Amino acid sequence: MSGLAAWFVDLLLRIKELESWTSDFCLPNVVWLSGFFNPQSFLTAIEQSMARKNEWPLDKMALQVDVTKKNKEDFNSPPREGAYVHGLFMEGARWDTQTGMIAESRLKELTPGMPVMFIRAIPVDKQETKNVYECPVYKTRQRGPTYVWNFFLKTKESPAKWTLAGVALLLGA
């Protein structure tokens with residue numbers, strides 16, 4: 001959907017990310033989720049590794065997303081389980097780092113960047129369902145076929161407010 005120049009810059013960033021992975025074959029401190037062609041596979045791998053480690057059934061797993069207050073440069077090692085991810089943007093609202101919750105968007109801020117998120121797998125029965133908005137994640141602004149996953153994000157407002165506002169996370173702004 002982007003022009004040739006933006007597409008080429010994105011391609012160069014993806015190549016750089018893959019080169020850093022292949023140089024030492026370790027999970028980077030913070031993973032660029034937007035750089036994956038198929039980000040669902042990476043998120044599923046987080047669930048699979050935790051399920052195997054604890055001998056839990058995969059169909060009873062869910063992802064827990066904790067939004068940190070840090071940028072990717074602030075991390076010097078990957079987590080013991082799960083992954084730190086960056087490269088997401090919020091449309092229709094913004095993330096308030098002070099309160100750690102979704103907040104009203106500011107004027108002229110269409111897609112503010114999200115801080116680094118810590119994603120890990122937990123049993124579905126331990127998933128927090130109160131005071132959370134089930135936020136859809138899309139690859140691009142074109143919704144529908146670009147759907148990736150739902151992340152449960154904290155909110156003090158009613159989740160219906162954010163649904164009506166069309167709040168979503170985007171992997172590319």
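A residue counts as buried when its relative accessible area is under 20%. In this predicted model, that description fits both Phe-75 and Tyr-84. Keep those two in mind, as they come back below.

The main nonpolar core is a good place to start. The largest one in the model holds 33 residues. Leu-43, Leu-88, Met-90, Met-117, Phe-151, Leu-153 and Leu-169 are the ones with the most contacts inside this core. Several elements chip in: helix α2 (39–54) and the strands β2 (61–67), β3 (83–86), β7 (117–123), β8 (132–138) and β9 (147–154) each bring at least two residues. The largest share comes from α2, with five residues. Apart from this core sits another one, made of five residues, and Val-30, Phe-75, Tyr-84 and Val-116 are among them.

Met-117 gives a feel for how the main core is put together. Beyond its neighbours within four places in sequence, Met-117 touches Val-65, Asp-66 and Val-67, then Ala-83, Tyr-84, Val-85 and Leu-88, and finally Phe-151, Leu-153 and Leu-169.

Strand β2 is also home to Gln-64. At 22% relative accessibility, Gln-64 is partly exposed, because that value falls between the 20% limit for buried and the 50% limit for exposed. Setting aside neighbours within four places in sequence, the contacts of Gln-64 are Phe-118, Ile-119, Arg-120 and Ile-122. Thr-111, by contrast, lies 47 residues from Gln-64 in sequence and 23 Å from it in space, C-alpha to C-alpha.

Now for the aromatic rings, which make four pairs in total. In one of them, Phe-36 and Phe-42 have ring centres 5.0 Å apart and planes at 20 degrees, so this pair is stacked. The two partners sit on either side of the 20% limit: Phe-36, at 22%, is partly exposed, while Phe-42, at 11%, is buried. Phe-75 and Tyr-84 make up another pair, this one tilted, with 4.2 Å from centre to centre and 35 degrees between the planes. Together with Phe-118, Phe-75 and Tyr-84 form one aromatic cluster.

The surface has a nonpolar story of its own. Leu-4, Trp-7, Phe-8, Leu-11, Leu-12 and Ile-15 make a patch there, and their accessible area comes to about 590 Å² together. Leu-11, one of the patch residues, belongs to helix α1, which covers residues 4–24. With a relative accessibility of 30%, Leu-11 counts as partly exposed.

Terms used. Residues numbered from 1 in each chain as written. Predicted model: local features only at pLDDT ≥ 70, side-chain atom pairs only at ≥ 80, totals over all residues. Heavy atoms only, no water. Core = buried A, V, L, I, M, F, W, Y, C linked by side-chain atoms within 4.5 Å. Buried < 20%, exposed > 50% of the residue type's maximum accessible area, 1.4 Å probe, protein only. Helix = DSSP H or I, 4+ residues; strand = E, 2+ residues; numbered from the N terminus. Contact = heavy atoms within 4.5 Å. Patch = residues over 30% accessible without salt bridge, like charges linked within 9 Å, V, L, I, M, F, W, Y side chains within 5 Å. Areas by Shrake-Rupley, 256 points an atom, 1.4 Å probe, with all protein chains shown as cover. Salt bridge = Lys/Arg side-chain N within 4 Å of Asp/Glu carboxyl O. Phe/Tyr/Trp six-rings, centres within 6.5 Å; stacked < 30°, edge-to-face > 60°.
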